[in-house]
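Here's a quick briefing to read alongside the model. Have the sequence and the 3D view open as you go.

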Amino acid sequence: MHEASIALSLIDVASEVLAEHGVARARALTVRVGAWSSVVPEALLAAFPACAQGTPLDGAHLSVILVPGVGECPNHGPVTLDVTRGLRCPHCGAPTPTLLQGDELELDEIELLEPNREDP
């Protein structure tokens, strides 16, 4: 389960953002996970609370936005891909080797707790 190491990396990045803004803690963070990123969102959500213990993200809520895979079909242009069918156009079956989106893993948003303010 490499999602634990991904959660730790997200916590490192988010902690740097908190330090840059002079904030001790975050209430929530949102990540964008592509369908072709090889990340299992459920495993990331399960790993995050344990990885966040004792960090500025302890108790923060993690949200995942799933990003569908979009490939460039030579016949139909951009098409939404089905992971179970591989990199093939869902309309004509042509190979779609160019992935336009769906392989991302991005920290999208961090909701900061104001300094000296308790979490409700």
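How many bridges join strand 3 to strand 4, and which way do the two run? Four bridges link strand 3 (residues 70-73) with strand 4, and the two run antiparallel. Keep in mind that this is a predicted model. Beyond that sheet, the points below go through helix 1, the nonpolar cores and a residue in helix 2.

**The three-stranded sheet**
- Strands 4, 3 and 5 make an open sheet in the order 4-3-5, with antiparallel pairing.
- Strand 4 (77-80) and strand 5 (99-101) sit at the edges with a single partner strand each, so one side of each has no neighbour in the sheet.
- Going from one strand to the next, the twist averages 40 degrees.
- For a specific pair, look at Glu-72, whose bridge partner in strand 4 is Pro-78.

**Helix 1**
- Helix 1 covers residues 3-20, so to speak a run of 18 residues, and its first and last C-alpha atoms are 26 Å apart, close to the 26 Å expected at 1.5 Å a residue.
- Its buried residues are Glu-3, Ile-6, Ala-7, Leu-10, Ile-11, Ala-14 and Leu-18.
- These buried residues cover an arc of only 140 degrees around the axis, which puts them on the same side of helix 1.
- Over on the other side of helix 1, Glu-16, Ala-19 and Glu-20 are exposed.
- What do the buried residues of helix 1 pack against? They pack against strand 1 (26-34), helix 2 and strand 6 (105-112).
- Just past the end of helix 1, Gly-22 adopts a positive phi of about 65 degrees.

**Nonpolar cores**
- The largest nonpolar core has 21 residues, and Leu-29, Leu-44, Phe-48 and Leu-57 touch the most other members.
- Helix 1, strand 1 and helix 2 are the elements giving two or more residues to this core.
- Helix 1 gives the most, with six residues.
- Leaving aside neighbours within four places in sequence, Leu-57 is in contact with Ile-11, Ala-14, Ser-15, Leu-18, Ala-26, Leu-29, Phe-48 and Ala-52.
- Another core, of five residues, lies apart from the largest one, and its members include Cys-73, Val-79, Leu-81 and Ala-94.

**Ala-46 in helix 2**
- Is Ala-46, which belongs to helix 2 (residues 41-52), buried or exposed? Ala-46 is exposed, at a relative accessible area of 56%.
- Ala-46 and Ala-7 are 39 residues apart in sequence, while their C-alpha atoms are 9.6 Å apart in space.

Key
Residues are numbered from 1 along each chain as its sequence is written. This is a predicted model: local features need pLDDT of at least 70, side-chain atom pairs count only at pLDDT 80 or more; totals for chains, interfaces and linings use all residues. Side-chain values use heavy atoms; hydrogens and water are left out. Two strands pair if DSSP finds at least two bridges between them. Axes are lines fitted to C-alpha atoms, for helices over the stretch in contact, and angles run from 0 to 180 degrees between N-to-C directions. Buried means under 20% relative accessible area, exposed over 50%, partly exposed in between (1.4 Å probe, protein chains only). The expected span of a helix is 1.5 Å times one less than its number of residues. The arc is that of the directions from the helix axis to the C-beta atoms. Contact means heavy atoms within 4.5 Å. A nonpolar core is a set of buried Ala, Val, Leu, Ile, Met, Phe, Trp, Tyr and Cys residues joined through side-chain atoms within 4.5 Å.
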